[in-house]
Amino acid sequence: MVKDPGIEKLLNGFSKFVKKREIPLTQKEKRIKNRYTITGDIISYSICPRQYGFYKFLGYAPSNPTQEWYGSIIHRFLKRAHMSFLRTGRVVNDEEIERIFYLIEKSMEAEGIRATNERVKRRALEVLNKFCLIEGESFFRSVIEAELRLIKELDNFILYGIIDVLRTEGEKVEIWDYKGMERPDETNFYGREKLNRYKKQMYVYGFLFKERTGTFPDKAVLYFMNELLKGNLEKTRFIIDFRKEEIQNEVENFIEEFKRIVEEIEESQKTNNWRLPENIDKNTCKQCDFRGDCPKFLSFKKEQVI
Ligand code: SF4
């Protein structure tokens with residue numbers, strides 16, 4: 001029993017303070033968890049840890065924001081086209097497509113995101129025209145939600161993702177991701193690697209969807225927009241069937257891999273040591289802002305000389 005009223009007052013105040021915190025003072029403060037995305041973190045890091053670390057944590061901004069222009073205008077446009085469909089009940093016509101396109105382009109320009117040249121702009125407009133024409137009303141009508149944001153708190157970090165489109169095809173639920181490119185060439189190593197990375201992206205979205213709703217979607221569709229320009233309609237869609245047990249197992253395995261990569265990123269951040277990739281496509285390095293003093297890139301140049 002405490003006799004000293006001064007000490008007793010102090011202890012009472014102390015115990016009220018502890019109660020207010022609702023946790024014992026001896027317990028460690030909860031660590032603030034970092035947020036990771038499959039595209040912005042895991043895929044970027046898997047392509048090149050050095051480039052990822054330099055952009056993300058060492059404060060370098062990409063010197064060429066035009067790289068993101070094409071993908072960005074496609075996503076923004078399709079969202080607006082869907083909103084217009086909800087309002088009017090019909091697909092945007094050629095005139096509206098052009099008007100929406102240039103409005104978005106202007107707002108992107110204000111953000112400092114510009115197309116490299118007129119040819120790229122015309123190409124994007126043509127792709128979007130073709131998409132509206134070919135996929136048309138049946139596509140826009142089947143969209144349940146565009147840009148569905150999903151989040152899941154895991155033990156050491158927060159997993160976050162945005163699904164471009166959630167739609168139904170008959171009774172089936174599909175998640176879609178638009179890719180502003182041609183379908184990667186699966187006959188070569190880097191093409192297969194690229195497609196594999198996109199598959200993993202959809203695995204994460206499938207996982208997040210299941211965490212939110214209790215079940216996997218039936219399918220994921222990677223939609224390669226630039227195949228529309230070549231009239232290769234059968235190559236536009238790459239489908240992942242989540243109803244298959246082997247795919248569900250691959251999803252689980254990849255979530256474990258995702259956790260390991262996050263640990264690696266956090267370790268690299270702590271030690272400020274961003275390793276070089278084991279394999280990388282020369283074309284990725286040619287467009288990299290950090291190639292000037294990069295041992296990997298310099299080794300490619302040496303190979304050429306020899
Ligand atoms: S040049 Fe290539 S290997 Fe070097 S940092 Fe850039 S992407 Fe990575």
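## How far to trust the model

pLDDT is the predictor's confidence in each residue, from 0 to 100. What you have here is a predicted model, and its protein chain averages a pLDDT of 88, with 86% of the residues scoring at least 70. Confidence bottoms out in helix α1 (residues 5-21), where the mean is 48, and peaks in strand β5 (residues 219-224), at 98.

Residues 17-26 deserve a word of their own: the pLDDT there is below 50. Apart from near neighbours in sequence, that stretch has two contacts in the model.

## Around the ligand

Now for the ligand. It has 14 residues around it, and the closest are C48, C285, C288, C294 and K296. Three helices each give two or more residues to this shell: α3 (49-56), α11 (282-286) and α12 (295-305).

What sort of residues are they? Sorted by class, the shell holds nine nonpolar, two polar and three charged residues.

## Helix α10

Helix α10 covers residues 245-271, 27 residues in total. From first C-alpha to last, α10 reaches 40 Å, close to the 39 Å expected at 1.5 Å a residue. Right after α10 comes N272, with a positive phi near 50°.

Which residues of α10 are buried? V251, F254, F258 and I265 are. As for their partners, the buried residues of α10 pack against α2 (38-47) and α8 (189-213).

## The largest nonpolar core

The largest nonpolar core has 58 residues, and the ones touching the most other members are I74, L128 and Y205. Helix α8 supplies the largest share of this core, eight residues.

Take I74 and look at who it meets. Leaving out residues up to four places away in sequence, I74 touches A124, V127, L128, Y178, G180 and M225. One of those, L128, is itself among the core residues with the most contacts to other members.

## A look at T37

T37 sits in strand β1 (residues 34-37). Is T37 buried, exposed or something in between? A residue needs 20 or more C-beta neighbours within 10 Å to be buried, and 12 or fewer to be exposed; T37 has 16 inside that distance, so it counts as partly exposed.

Setting aside neighbours within four places in sequence, T37 is in contact with Y160 and G161. There's also a long hop in sequence to point out: T37 and V204 are 167 residues apart along the chain, yet their C-alpha atoms are 9.0 Å apart in space.

Definitions and conventions:
Residues are numbered from 1 along each chain as its sequence is written. This is a predicted model: local features need pLDDT of at least 70, side-chain atom pairs count only at pLDDT 80 or more; totals for chains, interfaces and linings use all residues. A residue is near a molecule or strand if its C-beta atom, placed from the backbone, lies within 6 Å of it. Helices (H or I, at least four residues) and strands (E, at least two) are DSSP runs, numbered from the N terminus. Ala, Val, Leu, Ile, Met, Phe, Trp, Tyr, Cys and Pro count as nonpolar, Asp, Glu, Lys and Arg as charged, and the others, Gly among them, as polar. The expected span of a helix is 1.5 Å times one less than its number of residues. Two residues are in contact if their C-beta atoms, placed from the backbone, lie within 7 Å. A nonpolar core is a set of buried Ala, Val, Leu, Ile, Met, Phe, Trp, Tyr and Cys residues joined through C-beta atoms within 7 Å.
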